[in-house]
Amino acid sequence: MTAKAAKALFASLAVVMTLGATAILTSCDRKAPEDNAPMAIVAKTVDPHSYARPQEARVSHVDLDLTADFQTKTLAGTATLTLITEANAKQVILDTRALDIEAVTDASGSPLKFTLGKGNAMMGKPLTIELPQGAQKIVVKYKTTKDGTALQWLSPEQTAGKKLPFLFSQGEEIHTRTWIPTQDSPAIRQTYTARIVVPRDLMAVMSAERLTPEGEKVQGHANQRAYRFDMKEPVAPYLIAIAVGDLGFAPEGSRTGVYAEKATLAAAKAEFTDMQAMLEAAEKLYGPYRWGRYDVLVLPPSFPFGGMENPTLTFATPTILAGDKSLVSLIAHELAHSWSGNLVTNATWEDFWLNEGFTVYFEGRIMEEVYDKDRADMLRVLGWQDLQATLKDLNDSGKSDFTRLHPDLRNIDPDDYFSDVPYEKGAAFLRMLEAHFGRKKLDAYLKGYFQRFAFQSMTTDAFLVDLRTHLLHNDSDLEKQLKIRQWLYDKGMPDNAIPPTSEALNEVSAQVAAFMEGASAKSLSVQGYSSPQWQYFLTHLPDNLSPDQMADLDAVYGFSKSHNSEILFAWLQQAIKHQYQPALPAVREFLVSQGRRKYVVPLYKSLMAQPGWGVDMAKSVYAEARPGYHDVTRGTVDDIVK
Ligand code: BES
Ligand code: ZN
């Protein structure tokens, strides 16, 4: 963004903030004043997880010049921030946590006064920098430290290739401040550029246009290479991401491809052959893909999530490499975030459902387009099933506030709110709208929503205003009838939610019943079962199968050796519940060989629920596995295994 454009943007924001909706009618189809109200609402919203005061001075661009040192496990260098300041701004406040700030200067190198506030463990420390009159650029010289949570430095043994180390970042939700001193709020969108210096035998990638795929020489440092990146669209800071490793690249379609450790590249390429088709299906639904390329980076097994929608470059767990493309819905999900999440972004973490609920809905639609309705419906039923269990857990454990789509997260780590609620209740809300309005109208609304708010951040309140204008057409009776406010703001599930159904899964229930009544594993009619069918089968088994029945299932269907991580996980859960000894080595192996929180956490919980042997096993396995896990996973498991 040019300084002039930045000034204009700030001016328009200020106008929105002071004069409200009427001031910036930018396009001719916007007549009603309400049309502009959503962004006025967003501008007034306070992000409870950031110290920034963007009305006074906001970051609009970050330029990184960092060197990765795998010996000390630090990134060190400078972040040059471009600011948009109010006329008499005296200071800018950045978010930082666990950073070693060495100096702050203006663009010409003159030192600026700065102070690190007290802050707190969750949010880190506000970095307040005194601004000279009219300052537009500040340079922060800094190093990351061991206490940071965004970066994971892997030893060679923790990688697939075993020979070279690996580094990756995870910014969502509030970790970016532990590797970049910036205003770490999803409502403060920033373009970014970067130059990253790494050891010569490693490749750096980022969630941005990759300007130097081969890297460049570094003057005077023959053992290093530099990679440069450019993100020209303003993104939320949690979407700034980096990975460094022994990476290779394989193209898929003209706009899609896969990065992976060289040891994993062939498997990854074979698994992800439908990316371009997914991309085209998504564009057909909700408008053009706005980010140039769409590539997937397969990470080492300690990656704590299934996937992370870093712009232009989804980060994904290797646990979806099943060998038969059966788990690629995760790619559909992360791709969908290119619209819901990256293009239109939750303005605070209390609006997280705007990212995830929309994305689960959108994921289902992509799966229908690229595969078929049966497959999408099965996934919807599994999601609904998980949601019911989650709602029950949250209510039973006194956390019913977290059954809201819009929780109050003041003084609460956004990660504590993470559950199926924003995902599946959010998606159920959109499916309720779909059932009422029909796909044609809902799709037109969603496509319009992505267009109206492209490259902007959105709150739940602002979304409601937009929904009233463009879908409900200000019909307040209809709003009541559809229980819109109840959906968005209240606990639990409104009674007009529509449970998804699946023929294919109903058939599975019959097979489960037959097995419970004594049929042998071999006699079941399960030939050709897909992954969701097996998942449903395994999650619906009763708790009281005999060891013989468990052995029969495993002998016939080989669950303990499944290459499909979802099936293996569901089976291992049953094995623990049934104290089925022969599968316990597989439990251990699964827990030490990957660190995906979605699998690891429930398995440790199940073990801890078995007094004696289970608790002992949890402790001994965790002692072995913990060093290989990511901070995010450790943070959760530390509270379970003790
Ligand atoms: N954006 C999330 C991952 C995330 C959420 C990371 C909150 C940190 C904090 C990503 O899109 C996601 O939802 N991943 C899921 C898989 C998906 C198919 C439901 C996961 O990681 O399990
Ligand atoms: Zn998601």
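In the predicted model, Tyr 622 lies in helix H20, which spans residues 613-625. The residue has a relative accessible area of 6% and is therefore classed as buried, the limit for that class being under 20%. Leaving out residues up to four places away in sequence, Tyr 622 touches Tyr 604, Tyr 629, Arg 634, Val 637, Asp 638 and Val 641. Between the C-alpha atoms of Tyr 622 and Leu 211, which are 411 residues apart along the chain, the separation is 41 Å.

The nonpolar interior was examined next. The largest nonpolar core holds 152 residues, and the members that touch the most others are Trp 179, Phe 272, Phe 429, Leu 433 and Phe 463. For Phe 429, the contacts beyond four places in sequence are with Trp 353, Phe 463, Leu 467, Ile 484, Trp 487 and Leu 488. A second core, separate from this one, consists of 51 residues, among them Phe 537, Leu 553, Val 587 and Leu 607.

Phe 537 also appears among the buried residues of helix H15, together with Ser 531, Pro 532, Gln 533, Trp 534, Gln 535, Tyr 536 and Leu 538. Helix H15 comprises residues 531-539 and is mostly covered, eight of its nine residues being buried. The cover over these buried residues includes helix H7 (373-396), helix H14 (503-516), helix H16 (547-557) and helix H17 (565-577).

Ligand 1 is surrounded by 17 residues, of which the closest are Glu 172, Gly 306, Glu 309, Glu 334 and Tyr 423. In the side chain of Glu 172, an N or O atom is 2.8 Å from a nitrogen atom of ligand 1, whereas a polar backbone atom of Gly 306 is 2.5 Å from an oxygen atom of the ligand. Tyr 423 places a polar side-chain atom 2.6 Å from an oxygen atom of ligand 1. Ligand 1 exposes 520 Å² when taken alone, and 90% of that area is buried by the protein. By residue class, the shell around ligand 1 is made up of six nonpolar, five polar and six charged residues. At least two shell residues each come from strand S19 (307-308), helix H5 (329-336) and helix H6 (352-370), with the largest share, three residues, supplied by H5.

Glu 172 is also joined to Glu 173 by a cis peptide bond, for which omega is about 0°. Glu 173 is located in the loop between strand S9 (166-169) and strand S10 (190-199).

Positive phi values were found in two further loop residues, Lys 162 and Asn 411. Lys 162, a residue other than glycine, has phi near 70° and is placed in the loop between strand S8 (151-154) and S9. Its relative accessibility is 52%, so Lys 162 counts as exposed, a class that begins over 50%. Asn 411, likewise a residue other than glycine, has phi near 65° and occupies the loop between H7 and helix H8 (414-417); with a relative accessible area of 72%, Asn 411 is exposed.

Another asparagine, Asn 346, is found in strand S21, which covers residues 344-346. Asn 346 has a relative accessible area of 0% and is therefore buried. When neighbours within four places in sequence are set aside, the residues in contact with Asn 346 are Pro 186, Tyr 238, Asp 351, Phe 352, Asn 355, Ser 457 and Met 458.

Notes:
Residues are numbered from 1 along each chain as its sequence is written. Chains are lettered from A and ligands numbered from 1 in the order in which they are written. This is a predicted model: local features need pLDDT of at least 70, side-chain atom pairs count only at pLDDT 80 or more; totals for chains, interfaces and linings use all residues. Side-chain values use heavy atoms; hydrogens and water are left out. A nonpolar core is a set of buried Ala, Val, Leu, Ile, Met, Phe, Trp, Tyr and Cys residues joined through side-chain atoms within 4.5 Å. Buried means under 20% relative accessible area, exposed over 50%, partly exposed in between (1.4 Å probe, protein chains only). Contact means heavy atoms within 4.5 Å. A residue is near a molecule or strand if one of its heavy atoms lies within 4 Å of it. A polar contact is a pair of N or O atoms within 3.5 Å; within protein, one must be able to donate a hydrogen and the other to accept it, and residues adjacent in sequence count only if both atoms are side-chain atoms. Accessible areas come from the Shrake-Rupley method with a 1.4 Å probe; for residues, only the protein chains shown count as cover. Helices (H or I, at least four residues) and strands (E, at least two) are DSSP runs, numbered from the N terminus. Ala, Val, Leu, Ile, Met, Phe, Trp, Tyr, Cys and Pro count as nonpolar, Asp, Glu, Lys and Arg as charged, and the others, Gly among them, as polar.
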